[in-house]
4 protein chains.
Amino acid sequence: MSINEGDYVLLIYDRKRKWLLRAEKGKKHHTHKGTVDFDDIIGKPYGSTVLSNLNHEFHVVKPTPMDIILKMRRATQIIYPKDIGLILLNTGVVPGCRVVEAGTGSGALTTILANYVKPHGRVYSYENRAEFLNTARKNLEKAGVLEYVKLKNRDILEGIEEEEVDAVILDIATPWLAVRLAYEALKGGGHFASYSPTIEQVQKTVKELKKEKFVDLRTLECIVRYFNVEEGKTRPETRMIGHTGYMTFARKVQ
Amino acid sequence: MSINEGDYVLLIYDRKRKWLLRAEKGKKHHTHKGTVDFDDIIGKPYGSTVLSNLNHEFHVVKPTPMDIILKMRRATQIIYPKDIGLILLNTGVVPGCRVVEAGTGSGALTTILANYVKPHGRVYSYENRAEFLNTARKNLEKAGVLEYVKLKNRDILEGIEEEEVDAVILDIATPWLAVRLAYEALKGGGHFASYSPTIEQVQKTVKELKKEKFVDLRTLECIVRYFNVEEGKTRPETRMIGHTGYMTFARKVQ
Amino acid sequence: MSINEGDYVLLIYDRKRKWLLRAEKGKKHHTHKGTVDFDDIIGKPYGSTVLSNLNHEFHVVKPTPMDIILKMRRATQIIYPKDIGLILLNTGVVPGCRVVEAGTGSGALTTILANYVKPHGRVYSYENRAEFLNTARKNLEKAGVLEYVKLKNRDILEGIEEEEVDAVILDIATPWLAVRLAYEALKGGGHFASYSPTIEQVQKTVKELKKEKFVDLRTLECIVRYFNVEEGKTRPETRMIGHTGYMTFARKVQ
Amino acid sequence: MSINEGDYVLLIYDRKRKWLLRAEKGKKHHTHKGTVDFDDIIGKPYGSTVLSNLNHEFHVVKPTPMDIILKMRRATQIIYPKDIGLILLNTGVVPGCRVVEAGTGSGALTTILANYVKPHGRVYSYENRAEFLNTARKNLEKAGVLEYVKLKNRDILEGIEEEEVDAVILDIATPWLAVRLAYEALKGGGHFASYSPTIEQVQKTVKELKKEKFVDLRTLECIVRYFNVEEGKTRPETRMIGHTGYMTFARKVQ
């Protein structure tokens, strides 16, 4: 498969230096390791290696949804892939599902969800801050999944318009206020998920979940450690992300 | 959506007591909290609550792929959901992908992959131990995704028959021996993943990856901590899983 | 140095099978690996290897304070060595310090503190449950540090009798209720430490610390992972302790 | 207890802004929160609060050994308090012990060990790089424990001169080469400890330990997470130290 003009590509120098770029004729990308010319890239197969003007190797690959969210324009803090993977599996979101999400933020979680409900499922994404919605729309377009998402400029706390949805996934400041609304929007056995940085958010949300007929409550956090694997120098990396957010899951029953 | 005879359902008492069962007329399920009669379940909507003969509440929901793999018959140690989520996102497996996997084992990873490549993608799963393949086939059938999987009773070290695949995912004892084969089977920019319990496996595999034209190498481990969230008693759980396996990812370039 | 009758010794079969025993003539210790005869042990130097009647090797060493607390009779959950090490360093307890502790519990933390304030320092240990105090006294005697400890059958919430102490270390259910008392008992620059399993205890205690003139507040948790190091099988252990308690530290200023 | 001229004090603005300083008449300490005048400090009791010229509160306390090592001049990477606490308890180092240590480095571990073997024990610290030894000597003097340490400008791999020591603690590049030497220097039941950043160091060291008559082998790592505890914002800190070093412990038997 060849790289066409207009495609988004991931340009890789090494694990820590990667860029998400649109392939355009005449465009040049400047880095500390020299300039990469897009005329050398367009028409080549994905996976090709090109040289910068300083003769350093750069590699051009098709970006995954994860590459896109890690490199997308961020209006807000995004949910990280480590957490998104757990949300996907714990909510049982698979191709064909109808999922309600709030808030959209920069559209990172939305992008991944859209990739996994497509082609027949939909993500209904609520965001009351119009400026974020614009960023998210551009990001979803870049990721090629806008058609699977319905962006809604609405505060989810004013009500969920969808019914009988498979999952409601919240990344909002006051998830406990949306617990009852989520219950009503979910189908029987449907999945509730909430992602929150602070313990107080978890405490209040779980308290509300226990008032409604939700079962199988789980709260967890996910910690990822990267390793340096090099002969004689193998070890976990010195610095790591210590915390992103807690995830709480539950299922609606009747 | 109603529960039909023949459906697999998840019967939930609480977070730690759940059963994956087939709905059959006349069947009874015995637990410490009493006996649940399937005649009370069939025909009810998913998400229903039924009472055992001891008047305890049980809930019946549709099992997610994660529920299925956690409850499936295990011929082998399975890869856990926390790790599968990271594998999915790091390999960019989305609906439509063609993925090679080895070994099949009990079919846990296979089940999740099949759910996320469907309906148009395929999982080609290698397993040289015929007895495991039988278990895996039953599990995949139970999970309803057998049609998206090609089970192959072959040792992947004897060669990968597929070409231009999107990802090769290894959970075998000697992943380093399959690095060259994976390189050849992958399309440009395609994803390599290996899951290994020991550090020596990681050391050898990364050494081989560095010999081939793989880039964007990452080795990481994922640790999940569950929390008890209860007023006045909120805390991480006392015991946790300390290690399952390391994951190594890379992309093929040319 | 030879093993004398009456000494407490640590009998080691392997890392997971160790026993804290008193050397007595005629005494035999029965294990799955055979019987060890104390007549073979008394008079031998520490570090000796003896054979059981089934010809398995057992080793006899002098127990460290850590060995003693891990093997002592427990009336209560003890604070683990990983946490005690951090408490020691964060409170600056060194030989000569005067330390107030509550509650005594089984005397585990007391034992370690006594070992590190000796010979000229003292531990003042409050415990309102008389039955625990008896267990603790026996444990401290076994550990040979009873003379450095003043055990007090009193509820610390009724008042701290000591003045100008170097540190107050709390392992009680309601540490926030003792914050003001700790402030009064501490000398200028003295150290407050609290060990609590739950987040709510931490939240309340930190809130109280902020009301008093305490500075340099730190709350942390400590996670220890054990490794299996064996050629070709090196990896973290599968199961681990996920949580014991949070530690909060502060210093009194005026 | 009052602050005298010449004392080392810890000046605290908040948890992240602390300085280890010598109290000298006429000296001023400049910070972003204004200038602190030591003439305001000398003669005051420890724990006093003074105002900078910009009217910000600063607190003056007696530094703990931990404060000193965290603020000491570093010629090398130091072992962190979290790891030192575990080394102390796992090696059973208590007042009166005779401990061999290599290499001295900046003297951080030496400082803590000296504080816990004093007044009757000794630390014999080997360092073959003379320039590090100078830094270490100044640090130990500053910490007030130089009299309990014998600094030796020698490579420990050339031999350990002490006999019948209680513990040998290694923080050197090739600890496996010192395993036999440690065995010979230790008394029966004596403790071996090694601190190493990489897995290969651990693998080689454990292999050597298994060749000698060492028992009770343990390899572990220690991870500390700091929490932000603030009403409505309680959560682990976003960034943390992911790895410092692995610790391996063993006991000599005969």
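In which sense, right-handed or left-handed, does α2(A) pass α2(B)? I shall open with that question, since the two helices will serve as our way into the assembly. Please keep in mind throughout that this is a predicted model.

The crossing of α2(A) over α2(B) is right-handed. Each of these helices spans residues 81–91 of its chain, and the two pack at an angle of about 115°, with 8 Å between their axes. On the side of chain A, the contact is formed by P81(A), K82(A), I84(A), G85(A), L86(A), L88(A) and L89(A). Chain B contributes P81(B), K82(B), I84(B), G85(B), L86(B), L88(B) and L89(B). Sorted by class, this helix contact contains ten nonpolar residues, two polar ones and two charged ones.

I turn now to the symmetry of the pair. Chain A superposes on chain B after a rotation of 180° with 0.0 Å of shift along the axis, and the RMSD is 0.0 Å. The two copies are therefore related as by a two-fold rotation axis. Which residue of chain A comes closest to that rotation axis? That residue is G85(A), whose C-alpha lies 1.9 Å from the axis. You will recall that G85(A) is also one of the residues through which α2(A) touches α2(B).

Let me widen the view to the whole interface between chains A and B. Here 55 residues of chain A are in contact with 55 residues of chain B. Which element of chain A gives the most to this side? Strand β12(A), residues 214–228, does so, with 13 residues. By class, the side of chain A that touches chain B comprises 29 nonpolar, 15 polar and eleven charged residues. Of the interface residues of chain A, 100% are interface residues in chain B as well, so the copies meet through the same surface.

Strand β12(A) deserves a further word. This strand is joined to β12(B), which also covers residues 214–228, by nine bridges, and the two strands run antiparallel. As an example to locate on the screen, T219(A) has F227(B) as its bridge partner in β12(B). The contact between chains A and B thus includes a helix pair, α2(A) with α2(B), and a strand pair, β12(A) with β12(B).

Next, the division within a single chain. Chain A is split into domain 1, residues 8–63, and domain 2, residues 67–252. The C-alpha centres of these two domains of chain A are 32 Å apart. How many residues of domain 1 of chain A are in contact with domain 2? Four residues of domain 1 meet four residues of domain 2. On the domain 1 side, that contact consists of four nonpolar residues, with no polar and no charged ones.

For the sheet architecture I move to chains C and D. In chain C, four strands form an open sheet in the order β2-β1-β6-β5, with antiparallel pairing. Its edge strands are β2(C), residues 17–22, and β5(C), residues 48–51, each of which pairs on one side only. Neighbouring strands in this sheet are turned by 30° against each other on average, direction ignored. Strand β1(C), residues 8–14, is linked to β2(C) by six bridges in an antiparallel arrangement. Within that pairing, D14(C) has R17(C) as its bridge partner.

Chain D likewise has an open sheet of four strands, ordered β2-β1-β6-β5 and paired antiparallel. Strands β2(D) and β5(D) stand at its edges with a single partner strand each, so one side of each is left without a neighbour in the sheet. Strand β1(D), residues 8–14, pairs with β6(D), residues 57–61, over three bridges in the antiparallel sense. In this pairing L11(D) stands opposite V60(D).

I shall finish with some local backbone features. Where in chain A is P119(A) found? This proline sits in the loop between α3 (108–117) and β8 (122–126) of chain A, and a cis peptide bond, with omega of about 5°, joins K118(A) to P119(A). In chain D, a cis peptide bond joins K118(D) and P119(D), again with omega of about 5°. P119(D) belongs to the loop between α3 (108–117) and β8 (122–126) of chain D.

Lastly, in chain B, E164(B) has a phi near 55°, which is a positive value in a residue other than glycine. This glutamate lies in the loop between β9 (149–152) and β10 (165–170) of chain B. Thank you for your attention.

How values were computed
Residues are numbered from 1 along each chain as its sequence is written. Chains are lettered from A and ligands numbered from 1 in the order in which they are written. This is a predicted model: local features need pLDDT of at least 70, side-chain atom pairs count only at pLDDT 80 or more; totals for chains, interfaces and linings use all residues. Domain bounds come from an automatic or database domain assignment. Two residues are in contact if their C-beta atoms, placed from the backbone, lie within 7 Å. Ala, Val, Leu, Ile, Met, Phe, Trp, Tyr, Cys and Pro count as nonpolar, Asp, Glu, Lys and Arg as charged, and the others, Gly among them, as polar. Copies are superposed by least squares on the C-alpha atoms of residues with pLDDT of at least 70 in both. Two strands pair if DSSP finds at least two bridges between them. Axes are lines fitted to C-alpha atoms, for helices over the stretch in contact, and angles run from 0 to 180 degrees between N-to-C directions. A crossing is left-handed if the near helix is turned anticlockwise from the far one by less than a right angle, and right-handed if clockwise.
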